[in-house]
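The following paragraphs lead the reader through one protein chain, from its overall layout to selected side chains. Please keep the sequence and the three-dimensional view at hand while reading.

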Amino acid sequence: MTVLKPGDLVVLKSGGPVMTVDTVNTDIFDDDKITGILCAWFVGNKLERARFDYNAIGPAPPQEARSEKTESRPPEAVGEYKAMLGEMVAAMNDAAEAPNDASRTPAGRPKRVSAGKDVAKGIAPSGVN
């Protein structure tokens, strides 16, 4: 079984474009159990992403064999992919750094202050004159 990691080039076993492994998803209890592979590729200048079962993809053929079948990717496509990833990271960081606002903080009731038995006996609580 081939171990895949982010950045590896893969293709669907049934055919299709060469894709880049973005994320390798593992089981929450077992890091050795792969539950899916998130891949990214371009259709023209449009970035596409999808999750595939580990058994549905395999390593891409070497670069020499691929160059005969496919045309090279335009240089701006690589820049667009990096820009898209940069925007995603910035959005995630902005959300993590945003202060909690009142709309997300659960509104709690103010706690009641009980004077207790002292008031019933006619004794004022401390600090009250």
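The secondary structure of this predicted model comprises 3 helices and 5 strands. Along the sequence these elements follow the pattern β-β-β-β-β-α-α-α. The chain has 129 residues, of which buried residues make up 17%. It exposes about 10,300 Å², and carbon and sulfur atoms supply 56% of that area. Of the contacts between residues at least 6 apart in sequence, 40% join residues at least 24 apart.

The pairing of the strands may be taken next. Strands β2 and β3 pair in the antiparallel sense over 6 bridges, and within this pairing threonine 23 stands opposite leucine 38 in β3. Strand β3 also pairs with strand β4, residues 46–52, again in the antiparallel sense, here over 7 bridges. In that second pairing, isoleucine 37 stands opposite phenylalanine 52 in β4. Strands β3 and β4 form a hairpin with 2 residues between them. Glycine 44, in the turn of this hairpin, has a positive phi of about 70 degrees.

Which residues make up the largest nonpolar core? It consists of 10 residues: Leu4, Val10, Met19, Val21, Ile37, Cys39, Trp41, Phe52, Tyr54 and Ile57. Strands β2 (19–26) and β3 (34–43) each supply at least two residues of this core. Strand β3 gives the most to the core, with 3 residues.

Two members of the core, methionine 19 and cysteine 39, show how its parts meet. Leaving aside residues up to four places away in sequence, methionine 19 touches Asp8, Leu9, Val10, Val11, Leu12, Cys39, Ala40, Trp41, Phe52 and Ile57. Cysteine 39 lies in strand β3. With a relative accessible area of 0%, cysteine 39 falls under the 20% limit and therefore counts as buried. Beyond residues up to four places away in sequence, cysteine 39 touches Val10, Met19, Thr20, Asp22, Glu48, Arg49, Ala50, Phe52 and Ile57. One of these contacts, that with valine 10, spans 29 residues along the chain, and the two C-alpha atoms are separated by 8.4 Å.

The core also contains tryptophan 41 and phenylalanine 52, both of which are buried. The count of aromatic pairs comes to 1. In this pair, the rings of tryptophan 41 and phenylalanine 52 have their centres 6.1 Å apart and their planes at 45 degrees, so the pair is tilted. Because tryptophan 41 lies in strand β3 and phenylalanine 52 in strand β4, the pair ties together parts that are 11 residues apart in sequence.

Is aspartate 22 buried or exposed? Its place is in strand β2, and its relative accessible area of 17% is under 20%, so aspartate 22 is buried. What polar contacts does the side chain of aspartate 22 make? One of them, of 3.1 Å, is with the side chain of threonine 23. Another, of 2.7 Å, joins the side chains of aspartate 22 and arginine 49. Not counting residues up to four places away in sequence, aspartate 22 touches Pro6, Leu38, Cys39, Arg49 and Tyr81. Arginine 49 thus appears both in this list of contacts and in the polar contact of 2.7 Å. Cysteine 39 and aspartate 22 touch each other, which links this buried acidic side chain's residue to a member of the nonpolar core.

Lysine 13 provides a case from the other end of the accessibility scale. Lysine 13 lies in the loop between β1 (9–12) and β2. Its relative accessibility of 62% is over 50%, so lysine 13 counts as exposed. Leaving aside neighbours within four places in sequence, lysine 13 is nevertheless in contact with Asn55, Ala56, Ile57 and Gly58. Of these residues, Ile57 is also a member of the nonpolar core. Lysine 13 and asparagine 55 are 42 residues apart in sequence, while their C-alpha atoms are 8.5 Å apart in space. A polar atom of the lysine 13 side chain lies 3.0 Å from the backbone oxygen of asparagine 55.

Conventions: Residues are numbered from 1 along each chain as its sequence is written. This is a predicted model: local features need pLDDT of at least 70, side-chain atom pairs count only at pLDDT 80 or more; totals for chains, interfaces and linings use all residues. Side-chain values use heavy atoms; hydrogens and water are left out. A nonpolar core is a set of buried Ala, Val, Leu, Ile, Met, Phe, Trp, Tyr and Cys residues joined through side-chain atoms within 4.5 Å. Buried means under 20% relative accessible area, exposed over 50%, partly exposed in between (1.4 Å probe, protein chains only). Helices (H or I, at least four residues) and strands (E, at least two) are DSSP runs, numbered from the N terminus. Contact means heavy atoms within 4.5 Å. Two strands pair if DSSP finds at least two bridges between them. A polar contact is a pair of N or O atoms within 3.5 Å; within protein, one must be able to donate a hydrogen and the other to accept it, and residues adjacent in sequence count only if both atoms are side-chain atoms. Rings of Phe, Tyr and Trp (its six-membered ring) pair if their centres lie within 6.5 Å; planes under 30 degrees apart count as stacked, over 60 as edge-to-face and the rest as tilted. Accessible areas come from the Shrake-Rupley method with a 1.4 Å probe; for residues, only the protein chains shown count as cover.
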